[in-house]
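Subject: Handover of a structure and notes on its contents

Dear colleague,

Please find below the structure that I am handing over to you. My notes on what was found in it follow directly after.

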Amino acid sequence: MPALRTTRTRRSSRARAALAFAALLGILSAGVAAGGTATAKEAAASPTDGWTQTSFTYSMHKPWNLDLSERYSYNSSTKTHTMWVNSTDEPLEEGSDTDPRTEMRWKQEYSSGKHMWDADVYVPSGTNGADIMQILRGKHPSGTPATDIMLRASSANGGTLTRYTDAVIKTGIYNKWWNLKVAHDADAGKIQVYADDKLVLTVDDRGPATRYFKNGVYHHGSGRAEARFRNIRHWVK
C-alpha cells in the first residue's frame, strides 16, 4: 500500500505541473495576441498615415497700429508661438470693419489636392469668442463664403472648441496642450477635423476656391484672447 500511494502521488504531481504549464502558455499566447492587436490598431489610428510632411512659410497678421512684439512672441527653446489680442484692438488694416486679430497667415495656397494643418494647441482660460484656426478662401466666386471652416474657442465647459458656433470639436480645452489636425481634400470637397488624433467632424467645404491656412486668434468676443501653438506641421497627399 505505501508503494501504491507513492506512485499515485507522483502521477498527481506530474498532472498538476502539466496543467500549470498549459495555463502559463495560454496566458503568454493571449498577451502576445493582445499586444499585436493593440499595435496594429495604434498604427492604423494615425491620421497622417500615407501623408508626406512638407515645409511651410507664413506672414504675420496683427493690429495695424501695433508692433508685432506687442501681440506675438516665440519661445525658441520650446518652439512655441504665442499670439494674443484684445477686443479693443484695431483691425488688420486701418479703416477695416473686421475684428482684431493676431495670426499666422500661411503662404501655401492651394485649389486642389489634399492638405493637412497639424499642431499642438494651448488655449488659456478666459479666451472666449476667438477663432484659433481657419481655412480661408482667398480667391472665391462672388457671393460665396470667405472661409471653408473656422474653429472657435469659447468659455463653455472648461473651454470648448466648435466649428463656427455649432459642432463641438472638443471640450475642456483650457490650460492644457492637445493636438488638433484639419485635413482638407479639395478635390472631393471634404474637410476632416481630428482632436488628439480622433476623427470628430467631417463636413463639406464651400465649393471651388484658392485657399490657405491661418492660425492664431481672430477675436469676436470681449476681453483678451490668446492661443499658443507648437509642433506645427504641414502634410500633403
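I begin with one charged pair: R211 forms a salt bridge with D148, and the closest N and O atoms of the two are 2.5 Å apart. Because R211 belongs to strand β14 and D148 to strand β8 (residues 147–154), this pair ties together parts that are 63 residues apart in sequence. Both partners are covered: R211 counts as buried at 1% relative accessibility, and D148 is buried with a relative accessible area of 0%. Please note that the model is a predicted one.

The sheet around this pair

Strands β14 and β8 both belong to an open sheet of seven strands, whose order is β2-β5-β14-β7-β8-β9-β10 and whose pairing is antiparallel. Its edge strands are β2 (58–61) and β10 (168–171), each of which pairs on one side only. On average, and with direction ignored, neighbouring strands of this sheet are turned by 15 degrees against each other.

Within the order given above, β14 stands between β5 and β7. On one side, eight bridges join β14 (residues 210–219) to the antiparallel strand β7 (residues 130–139). Two of the residue pairs may help you to find your way: R137 has R211 as its bridge partner in β14, and A130 has H219 as its bridge partner in that strand. R211 therefore appears twice in this account, as the salt-bridge partner of D148 in strand β8 and as the bridge partner of R137. On the other side, five bridges join β14 to strand β5 (residues 101–106), again in an antiparallel arrangement. Here R101 stands opposite Y218 of β14. How many of the 10 residues of β14 are buried? Nine of them are, and the strand is mostly covered.

Further salt bridges

A search of the whole structure finds 17 salt bridges. In general, side chains of opposite charge can pair when their charged atoms come close. Among the 17 is one between the side chains of E103 and R101, with an N to O distance of 3.8 Å. E103 and R101 are both buried. Another joins R105 to E109, where the closest N and O atoms are 2.9 Å apart. The two ends of this pair are covered to unlike degrees: R105 is buried, with a relative accessible area of 15%, whereas E109 is partly exposed, with a relative accessible area of 41%.

The surroundings of N179

The last site that I would draw to your attention is N179, which is found in strand β11 (residues 177–185). Is N179 buried or exposed? With a relative accessible area of 9%, N179 falls under the 20% limit and is therefore buried. The side chain of N179 makes a polar contact of 2.7 Å with the side chain of K181, and a further polar contact, of 3.1 Å, joins the side chains of N179 and D118. Leaving aside residues up to four places away in sequence, N179 touches D118, A119, D120, Y194, A195, D196, D197 and R233.

I would suggest viewing the strand β14 pairings and the contacts of N179 in turn, as set out above.

With kind regards

Key. Residues numbered from 1 in each chain as written. Predicted model: local features only at pLDDT ≥ 70, side-chain atom pairs only at ≥ 80, totals over all residues. Heavy atoms only, no water. Pairing = 2+ DSSP bridges. Helix = DSSP H or I, 4+ residues; strand = E, 2+ residues; numbered from the N terminus. Axes fitted to C-alpha atoms, helices over the stretch in contact; angles between N-to-C directions. Buried < 20%, exposed > 50% of the residue type's maximum accessible area, 1.4 Å probe, protein only. Salt bridge = Lys/Arg side-chain N within 4 Å of Asp/Glu carboxyl O. Polar contact = N/O pair within 3.5 Å; in protein donor to acceptor, adjacent residues only side chain to side chain. Contact = heavy atoms within 4.5 Å.
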